[in-house]
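The following questions ask how terms used for a protein model are justified. Each answer sets a value against a definition.

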Amino acid sequence: MTAYIGIDVSKRKLDGAWLRDPATGKIKTKVWNNDAAGFAALQDWVEHQTGRPLSDIHVVMEATGVYHEALAQTLHAAGAQVSVINPAHIRDFAKSLGVRGKNDKKDSVVLARYGATQQPALWAPEPRAIRELKALVARLEALDTDIQREANRREKAEVTQATEVMTSIDTVLAALRAERDRLARDIDDHIDRHPDLKNDQQLLQSIPGIGPAVSLRLMTTLRSRAFASARQAAAFIGVVPIPWESGDSVRARPHLSKTGAPKLRRLLYMAAVVSLRYNPDIAAQYQRLTRRGKPAMSALGAAMRKLVHTAFGVLKHQTPYQPQAPSL
């Protein structure tokens, strides 16, 4: 019989709860440091308290930035069953239980109960090549943000004719741009060292409207998880429509779910706009939807979703894009 352990992860500590009896709600709790010694102590405590091997332990935790990753990887490598859950799902589950207030101990209990009642899918670590690529891409995006921020500051300095400030900003911008160029070369080298990534990049860029930036982001997202379908991938990225209707009185327009990374959705939006001109399938779909009376933004949302479906398809079947509609 599987034992369910909820772990609330923070930067410095781990709050754990073992659901001893799902029927009565009896629990046992413990706190450890969020480090290698704490991970070892957690494993010892779990096996001692439950009397079961780690293979019969199902640990449930939230995705908390980077703070959960080391623990999830350690437990998975040790043979435990691990689930990493979207915090929004846990929050909604807690509301359904009538849980009021919030603290780390309560959160760990909610996570254990979520595991016992919802039987969440098991987590598996990303391939190392993808994990390293994601870290490089995240750093590249951070540099892009810093460069834009400094460029905005320089624009303000030009207005006030602050010469010394502009000189300082120019020095920082030059360093940031040089580092960005170096990091971009590192990303290209990383992809070149992994033929599967190189092939995936070429397949994605065979889709009209998807360029280097979008293909890089899509590749790290679609290869980071074992998505069962294109629809599941689109839901993860946050480009599926959410209806808002009830009876005859509530008839709001559907809107995108907007879960997942906002950066990728922004890139997909720009790719969808470009695709209206260069991708025959996207253009045909957009024209069909707008003729039926769909608002332009809804049709663009559908175009973003179709791009994700197409990207999923070319990666799954390892075949370049083949247009279904007549060429533009």
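Q: Why are strand E1 and strand E2 said to pair?
A: Two strands pair if DSSP finds at least two bridges between them. Strand E1 (residues 3-9) and strand E2 (residues 13-21) share five bridges in the antiparallel sense, so they meet the definition. Isoleucine 5 stands opposite tryptophan 18 in E2. Three residues lie between E1 and E2, which form a hairpin. The strands are DSSP runs of E with at least two residues, the helices runs of H or I with at least four, and both are numbered from the N terminus.

The model is predicted: local features need pLDDT of at least 70, side-chain atom pairs count only at pLDDT 80 or more, and totals for chains, interfaces and linings use all residues. Residues are numbered from 1 along each chain as its sequence is written, and side-chain values use heavy atoms, with hydrogens and water left out.

Q: How do you know that E2 and strand E3 pair?
A: Strand E3 (residues 26-33) joins E2 in the antiparallel sense over eight bridges, and the definition asks for at least two. In this pairing, glycine 16 stands opposite lysine 30 in E3. E2 and E3 form a hairpin with four residues between them, and glycine 25 in the turn has a positive phi of about 80 degrees.

Q: What makes the pair of tryptophan 32 and tryptophan 45 edge-to-face?
A: The structure holds three aromatic pairs. In one of them, the rings of tryptophan 32 and tryptophan 45 lie 5.3 Å centre to centre, with 70 degrees between the planes. Rings of Phe, Tyr and Trp (its six-membered ring) pair if their centres lie within 6.5 Å; planes under 30 degrees apart are stacked, over 60 edge-to-face, and the rest tilted. The values therefore satisfy both conditions. The pair links distant parts of the chain, with tryptophan 32 in strand E3 and tryptophan 45 in helix H1 (residues 36-50), 13 residues apart.

Q: Why is tryptophan 32 called buried?
A: Its relative accessible area is 6%. Buried means under 20%, exposed over 50%, and partly exposed in between (1.4 Å probe, protein chains only). Tryptophan 32 therefore counts as buried, and so does tryptophan 45, at 11%.

Q: What makes phenylalanine 93 and tyrosine 114 an edge-to-face pair?
A: Their centres are 5.1 Å apart and their planes stand at 90 degrees, so the rings fulfil the definition. Phenylalanine 93 lies in helix H3 (residues 87-96) and tyrosine 114 in helix H4, 21 residues apart. Phenylalanine 93, at 11% relative accessibility, is buried, and tyrosine 114, at 12%, is buried too.

Q: Why is glutamine 119 called partly exposed?
A: Glutamine 119 has a relative accessibility of 48%, so it falls in the partly exposed range. Glutamine 119 lies in the loop between helix H4 (104-118) and helix H5 (128-160), and has a positive phi of about 50 degrees although it is not a glycine.

Q: How do you know that the span of H5 agrees with the expected one?
A: The expected span of a helix is 1.5 Å times one less than its number of residues. For the 33 residues of H5 this gives 48 Å, and the end C-alpha atoms are 49 Å apart, which agrees. Among the buried residues of H5 are Leu133, Val137 and Leu140. The buried residues of H5 pack against helix H6 (163-193), helix H7 (195-205), helix H8 (212-222) and helix H10 (262-278), where contact means heavy atoms within 4.5 Å.
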